[in-house]
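Work through the exercises below with the structure open. Try each task before you read its solution.

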Amino acid sequence: KTSEFLNKYGRTYVDYRDPHNGVKEIATELDQTKIKIECVIGRGRWCLTVCRGKLISGKTSIPVAVKRLKEGASLIDHTNFLREACTMAQFDHPNIIQLKGVVTKSKWAMIITEFMENGSLDKFLQGKVNELTASRLLEMLRGIASGMNYLSSIKYIHRDLAARNILVSSDLVCKVSDFGLSRTLENDPQATYTTQGGKIALRWTAPECIRFRQFTSASDVWSYGIVMWEVMSYGEKPYWDMSNEVVTEVLEDGYRLPAPENCPVSIHNLMLKCWSYEAKRRPHPIEIIRTLDQFIKQPNLLLDTKSHDASAPLLNPDSPTSLNEVSTLDEWLDMVKLGKYRRSFHTNGINDLESLVHIS
Ligand SMILES: Cc1ccc(-c2c(C)sc(NC(=O)CCCC(=O)O)c2C(N)=O)cc1C
């Protein structure tokens, strides 16, 4: 059905304005009696649950995940819910979560997908700190880049690429998830309101989206760069406990996240390219795939100097940072234009050059 649809409409994505009708056209209506719910694995808003279950077909059954929406849910919840199904039904790629079908003819509306045993990527990595090889991490990143490239090829802009919205299968294949909702970001706990009233996950969002709401596939590439940083730092929170205001300021001043601990400089350089202020200077997803393929096939290319400490201050790749040229911390802060963050350094116990040298 999906391939017919995409052939009929070409490789472009269709944004269903009325998913209540669209879902019948594009998604497979499953027989509710063939879905056996086993347990709840997650809860969204009061009306939404995510369950593990089995989809029975003939004598066999396959593990599935089931998002269920209660009958009493609002029209907006129902519309968002079915929009996610309409969106997923149009995708067909190994790194995009696969829709098995929907149930719309019961008191619970359901979206049924493949079961992703290892759950969300951020939590998976937080439980595996320093346990995965660099090539495994790069393979995961390559899969996500491949999924992002596919979305870009059918003109779908995700708007909320983040490790929390990537799912991990039992064999560690990463798949992009969380569609439909990314139109509104309503349910993303990391999303906050901008001064103009929009809702975005600021730490993952390109500057032009924050300032002008200009979401494009190039702004998805910025978010992908943050996902790269999350993966290489095993699920660390981007910009740590810096406030959203300070994050916005440091980015405008040209600062970027430093390389995570043990992250090869060449991988960090790829992140920095994804964080080019100008959208047109960011790499196309296909370039990202080719670069990662090179590093996976020739790991010796990664034997460049590794970053030795994750707590180094945010990098401004264009400014001098030599400590030989100053005699006090305040002089150094002014030299690297970090004077306005003096308080943050002091509250974090960095009061003199000695303590600064220690962290860097
Ligand atoms: C439409 C859709 C999108 C995503 C999912 C989904 C989650 C939101 S979370 C999870 N899988 C896990 O968390 C695995 C947990 C393992 C365990 O605790 O036993 C999935 C998923 N697809 O597997 C679900 C749907 C329906």
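**Exercise 1: Strands**

Task: describe how β2 and β3 are joined.

Solution. β2 and β3 make a hairpin with two residues between them. In that turn, G58 has a positive phi of about 65°. Strands here are DSSP runs (E, at least two residues), numbered from the N terminus; helices are runs of H or I, at least four residues. The model is predicted: local features need pLDDT of at least 70, side-chain atom pairs count only at pLDDT 80 or more, and totals for chains, interfaces and linings use all residues. Residues are numbered from 1 along each chain as its sequence is written, and side-chain values use heavy atoms, with hydrogens and water left out.

Next, check the pairing (at least two DSSP bridges between two strands). β2 and β3 are antiparallel, with 10 bridges. T49 stands opposite R68 in β3.

Task: how many bridges join β1 to β2?

Solution. Seven bridges join them, and the strands run antiparallel. A hairpin of four residues links β1 to β2. I35 stands opposite L55 in β2.

**Exercise 2: The ligand**

Task: find which atoms of R52, T113 and E114 make polar contacts with the ligand.

Solution. A polar contact is a pair of N or O atoms within 3.5 Å; within protein, one must be able to donate a hydrogen and the other to accept it, and residues adjacent in sequence count only if both atoms are side-chain atoms. Start with R52: a polar side-chain atom lies 3.1 Å from a ligand oxygen. For T113, a side-chain N or O atom is 3.2 Å from a ligand nitrogen. E114 uses a backbone N or O atom, 3.2 Å from a ligand nitrogen.
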